[in-house]
Amino acid sequence: MREPCRIVKDTLAFVGEKIHAGMTTKELDVLIERFIRSEGARPSCLGYGGFPASACISINDVVVHGIPDERIIREGDIVSVDVVADKNGYHGDACRTFCIGDVKPEVKKLVQVTEECFFKAIEGLRAGRPLFDIGYRVQKHAESFGYGVIRSYTGHGIGKEMHEDPSVPNYGKLGTGVRLKAGTALCIEPMIALGDWHVRILNDGWTAVTVDRKPAAHYENTVIVREDGVEILTL
Ligand code: MF3
Ligand code: CO
């Protein structure tokens, strides 16, 4: 899994260099697909459940599963780019939210805290710890800023399939859930809203937006649970 995860990490670094105001999300998706294939990997999202593109690109109030299209990325937008790659039968999955030019301070803060939520989540995480401690830590950090924790999408196990058990919610009660075993591969992915956490799906069947249309951020890494901590494969 280190190889697909390394490719996802490099793809997101490449996105960081290429993303700019004035380009369409489809143009960015084409660059992402080329990059992944140039590494001898396959973009896992393409065709998954009928998803029509290589990456999920979600702007502002789009929480997840934005479909790349003719929409233009604009100055002041936040853009979540979620990339999954498949190499040698294993998947790697990560997401970053990029700030385009001058983003409002309150929105920049949301992006920063969403990333912090991931690092809070893995604090003290190791084999033997209960699964829902992850969500407890994400929720505690996010809600201390008054943010909404998205409920209807979660992290997940990963390996030969992009989505495996267990589901990894970003909310929960400390000390509950299955005890994690060494060697478990998880995608830990806080999705945090500036306002209300409720989302609805647009008519395309994919695009999830916040009901209040306020922005949301997303940050994700693939990790392996070890006896003494977690190994982050996409950093
Ligand atoms: N990282 C996203 C997830 O875990 C990837 C979804 S790909 C899609 O949900 F095809 F379902 F969009
Ligand atoms: Co994921």
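## A cobalt site, two pockets and a helix

Along the chain, the donors of the cobalt ion (ligand 2) are spaced in the pattern D-x62-H-x32-E-x30-E. Two of these donors bring distant parts of the chain together: Asp-93 sits in strand S5 and His-156 in strand S7 (residues 155-157), 63 residues apart. Keep in mind as you look around that this is a predicted model.

Which protein atoms are the donors of the cobalt ion (ligand 2)? They are Asp-93 (OD), His-156 (NE2), Glu-189 (OE) and Glu-220 (OE), and they lie 2.1 to 2.5 Å from the ion.

Are Asp-93 and His-156 buried or exposed? A residue counts as buried when its relative accessible area is under 20%. Asp-93 has 3% relative accessibility, so Asp-93 is buried. His-156 has 6%, so His-156 is buried as well.

**The pockets**

Let us turn to the open spaces. Rolling a probe the size of a water molecule over the atoms shows where empty space is left. Here are the two pockets side by side.

| Pocket | Volume | Lining residues | Classes in the lining |
|---|---|---|---|
| Largest | about 250 Å³ | 19 residues | ten nonpolar, five polar, four charged |
| Second largest | about 170 Å³ | 13 residues | five nonpolar, four polar, four charged |

In the largest pocket, the lining residues closest to the centre are Cys-56, His-65, Asp-82, His-156 and His-163. You have met His-156 already, as one of the donors of the cobalt ion (ligand 2).

In the second largest pocket, Val-62, Ile-67, Asp-69, Arg-71 and Thr-207 lie nearest the centre. Strand S2 (residues 55-59) gives the largest share of this lining, with three residues.

**Helix H1 and the loop after it**

Helix H1 covers residues 2-18, and its length can be checked with a little arithmetic. At 1.5 Å a residue, its 17 residues should span 24 Å, and the end C-alpha atoms are 24 Å apart, so the two values agree.

The buried residues of H1 are Pro-4, Cys-5, Ile-7, Val-8, Thr-11, Leu-12, Phe-14 and Val-15. What do they pack against? Their partners are helix H2 (25-38) and the strands S4 (78-87), S5 (90-99) and S14 (221-226). Strand S5 is also where the donor Asp-93 is found.

Thr-24 belongs to the loop between H1 and H2. With 9% relative accessibility, Thr-24 counts as buried. Beyond its neighbours within four places in sequence, Thr-24 is in contact with Asp-69, Glu-70, Arg-71 and Ile-72. Among these partners, Asp-69 and Arg-71 also appear near the centre of the second largest pocket.

Terms used:
Residues numbered from 1 in each chain as written. Chains lettered and ligands numbered in written order. Predicted model: local features only at pLDDT ≥ 70, side-chain atom pairs only at ≥ 80, totals over all residues. Heavy atoms only, no water. Helix = DSSP H or I, 4+ residues; strand = E, 2+ residues; numbered from the N terminus. Expected span 1.5 Å × (residues − 1). Buried < 20%, exposed > 50% of the residue type's maximum accessible area, 1.4 Å probe, protein only. Contact = heavy atoms within 4.5 Å. 1 Å grid on protein atoms, 1.4 Å probe; cavity = no way out; pocket = protein on both sides within 12 Å on 5 of 7 lines; lining within 4 Å. Points joined across faces, edges and corners; volume = space filled by probe spheres on them. Nonpolar A, V, L, I, M, F, W, Y, C, P; charged D, E, K, R; others polar. Donors = N, O, S within 2.8 Å, 3.2 Å for Na, K, Ca; no water.
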